[in-house]
Each structure stands twice: as C-alpha cells, then as structure tokens.
Amino acid sequence: MLHLPSMLTYGFFSFILAFFNKALFEIANFRNSLFVIFCQLTFIIISFQILACIRLITIPTMNKNELYTLFIPAIFFCLSTVLSLQALMKLNVAIYVVIKRCTPALTLILSVIILKKQKLNMKVGLCVLMMTIGAIITSIGDVSYHFQSYLIGSLSVIFHAIYLLTIQRFSEQKNSNDVLYINSLLSLPMIFLLMITLSDELSAIQSYKGYRTIHFWLYFILSTIGGGLLNGATFWCTIKNSALTTSVVGVLKSILQIFFGMFAFDRLAINSKTIIGIVLSLIGGTMFSYFEYTNKKTKSVMTTSDPIPEQRLNSTIETKETRLDTEKFVFST
C-alpha cells in the first residue's frame, strides 16, 4: 500500500522549491547563489544536530578513510549544485526542468560506461534519444536562447550524474541519512571557500538593498528551509514507499513544473518548436521511468524460486537504490 502523505509531501516540496529559488533571484533580486547554498547546507547540519539532541536520529561517525573517500563525491555535489542554481537563475523554469530531466538517463549511460554494471538496451537508448532531441528542439524554439545558460545547465546535469555514480560507489556502508549529513558537512567549507575567493558575493551581500523588504525574507526563508525539508521529505517518501515510487513522483512533479514554469516569472515564448521539444522530453522521461520499473520488476520475479536469498538480495538492491535515488533529489530544484 502506498503511503500517500509522504508522497504528497515530497511531491509538494520537490515541485515548489524551484519556484522559491527563482522568486528569490527574480522578485527579490537576490542573485547570490553560493550564499543560498551555504545557508541550505547550514540548515541541514543544524537540523541534524537538533534531531540528535532529542534522540530522534544518530549523528553518523566517520574515520579518515571515509572522509577522504566521500570528499570526491562532495566536490561533484558542489559543482552540480552551484551550476544548477546558476542555470535556474538564467533560464526559464520550464526550460531548466527539461534540461534537468536528462540526469537519470545520463546517470544510467555513465553507469554502463564507467561502472559496467548493466547493458544499455534499445528501449532505454530510445528514451535517451527522445529526451536529448526534445531538449535540442526546445532550445531552438527558445527565442531568448543564450548559449552560456544552456551550457551551464548541461554541465550541471553532467556533474550531477557523476556525483550520483561516485556517491553510490563510495558510500556502500552508509545509508542515505548518513550520506546526506556527511555530504553537507564536507560541502559546507568548499562552498564557503568558493564564496570568499572566486566570487564577489560577500560584497554583493553587503551592498544588497532589499533586506528590509518582506519579499526577500519570505523567499529566502522558504528557499533555505525548503531545501532542508525537501531532503527530509525525499527520505520519508523513499522509506515509506520505495525508491521507485519517489522517482515516479519526481516525473509527475516535472510535468507540473514544466506547465507552470512556462507562465511563471520570465514567461516562455510558446511556439510549435518549444511544444514539440517539451512533449518529446516528457514522453522520453516517462518511458524511461516505466522501462526502469519493468526491468526492476522482472529482476525481482526472477529471484522468487529461492525465498531466503531473494530476501537478502532484494534488501541489498533496495538499500543501494534507496541511497542512489534519495541522493538524486538532494537540492533538486
């Protein structure tokens, strides 16, 4: 039985966070993305400490080897998150979501090439091709097309996919909750260093004139808290249902984001090319999720002849899938 409250909670926060961030950038005109990420990470770490104090969770421990090992995924996480917010700042929400929908498919392709864990079949290849062609057609139809913005969005997808693969490979003995905390702890100083060395955000924060407006504080608090609540909602949905359910809710969320994103903020110029491109991307993404579902279901059925090993195998598969899919939506915008 599906757990509806966790699904609705995850779907809501996953859907709305992109609009919170976009409102902070566009309406409040606060374009300091590194500072926003820094505050989101800080909120997550403080939340863990508070929950640990009231004994609802346990703060994970790590040794030097684990610290060095998880440092690599944290680098790709920072690159992915920074570029994602930069892309969201420059692109229409609908265009941004179309580009980000390529992440699961790219992750699968890279897992075939790098990890060599499975073979890429014709159906999945067709889905990837449809999403890619859809994104290209959409960009051609975008009258406000800016190469740098699309490049940043594409790089964010690539780094996000690499992050997912590295976090899956380097965190075999950690659950999603532990990985989230450790990843936030490692990423926080890196984001801080980027903020003070490679950008002028400190001076921009000091010179910002909107601190006395309700718009700034409303969207800033919603963006900061929303990022942390999204992670908690993702974990809750995955635990109460499954990693697959979380992924399917993510696909449905993307459809709504694209529809509302076309009319929000910088309204997307709707023409035949953008419609065809978006529809192709949605069909490709939906088919990809369906094929992944049937593939996992087939693997599950094949193990029914041996109940005890099956239970152990499914437990291992579910643990790894849960970790990977939960991390997929961290700071998903």
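What share of the 333 residues in the chain is buried? Buried residues make up 51% of them in this predicted model. The legends below start with the whole chain and then turn to close-up views.

**Figure 1. Overview of a chain built from helices, with zero strands.** The predicted model has 13 helices. Read from start to end, the pattern is α-α-α-α-α-α-α-α-α-α-α-α-α. A search of the whole structure for disulfides finds zero. Two cysteines illustrate contrasting surroundings: C53 is exposed, with a relative accessible area of 64%, whereas C78 is buried, with a relative accessible area of 5%. C53 counts as exposed because its value is over the 50% cut-off, and C78 counts as buried because its value is under 20%.

**Figure 2. Helix 4 and the contact at its start.** Helix 4 spans residues 93-100 and is mostly covered, with eight of its eight residues buried. These buried residues are V93, A94, I95, Y96, V97, V98, I99 and K100. The list includes K100 alongside residues such as V93 and I95. At the start of the helix, a side-chain oxygen of N92 comes to within 2.8 Å of the backbone nitrogen of A94.

**Figure 3. Side chain of Q257 and the backbone oxygens of S14 and F15.** Q257 belongs to helix 11, which covers residues 243-261. Its relative accessibility is 1%, so Q257 counts as buried. A polar atom of the Q257 side chain lies 3.3 Å from the backbone oxygen of S14. For the backbone oxygen of F15, the distance to a polar atom of the Q257 side chain is 3.1 Å.

**Figure 4. Aromatic cluster that includes Y208 and F216.** The structure holds 18 aromatic pairs. In one of them, the rings of Y208 and F216 have centres 5.3 Å apart and planes at 50°, so the pair is tilted. An angle of 50° falls between the limits of 30 degrees for stacked and 60 for edge-to-face, which is why the pair gets this label. Y208 and F216 are both buried. Ring pairs join these two with F30, F35, Y211, W217 and F220 into a cluster.

**Figure 5. L218 in helix 10 and A28.** L218 sits in helix 10, which runs over residues 214-240. With 41% relative accessibility, L218 counts as partly exposed. L218 and A28 are 190 residues apart along the chain, and their C-alpha atoms are separated by 9.3 Å.

**Figure 6. I196 in helix 8 and L34.** Helix 8 takes in residues 176-197, and I196 is found there. I196 counts as partly exposed, at 36% relative accessibility. Between the C-alpha atoms of I196 and L34 the separation is 9.7 Å, while 162 residues part them along the chain.

**Figure 7. Nonpolar patch on the surface, with residues from helix 11 and helix 12.** The patch consists of L256, F259, F260, F263, I270, I275, V279 and I283. Together these residues have about 710 Å² of accessible area. Helix 11 and helix 12 (272-302) each supply at least two of the patch residues. One member, F260, lies in helix 11. F260 is partly exposed, with a relative accessible area of 43%. The label follows because 43% lies between the cut-offs of 20% and 50%. Q257, shown in Figure 3, also lies in helix 11, but Q257 is buried.

**Figure 8. N29 and R55, two loop residues with positive phi.** N29 is in the loop between helix 1 (4-26) and helix 2 (33-53). Its phi is near 60°, a positive value in a residue other than glycine. N29 counts as partly exposed, at 48% relative accessibility. R55 is in the loop between helix 2 and helix 3 (64-90). For R55, phi is near 65°, again a positive value in a residue other than glycine. R55 is exposed, with a relative accessible area of 76%.

Key
Residues numbered from 1 in each chain as written. Predicted model: local features only at pLDDT ≥ 70, side-chain atom pairs only at ≥ 80, totals over all residues. Heavy atoms only, no water. Helix = DSSP H or I, 4+ residues; strand = E, 2+ residues; numbered from the N terminus. Buried < 20%, exposed > 50% of the residue type's maximum accessible area, 1.4 Å probe, protein only. Polar contact = N/O pair within 3.5 Å; in protein donor to acceptor, adjacent residues only side chain to side chain. Phe/Tyr/Trp six-rings, centres within 6.5 Å; stacked < 30°, edge-to-face > 60°. Patch = residues over 30% accessible without salt bridge, like charges linked within 9 Å, V, L, I, M, F, W, Y side chains within 5 Å. Areas by Shrake-Rupley, 256 points an atom, 1.4 Å probe, with all protein chains shown as cover. Salt bridge = Lys/Arg side-chain N within 4 Å of Asp/Glu carboxyl O. Disulfide = S-S within 2.5 Å.
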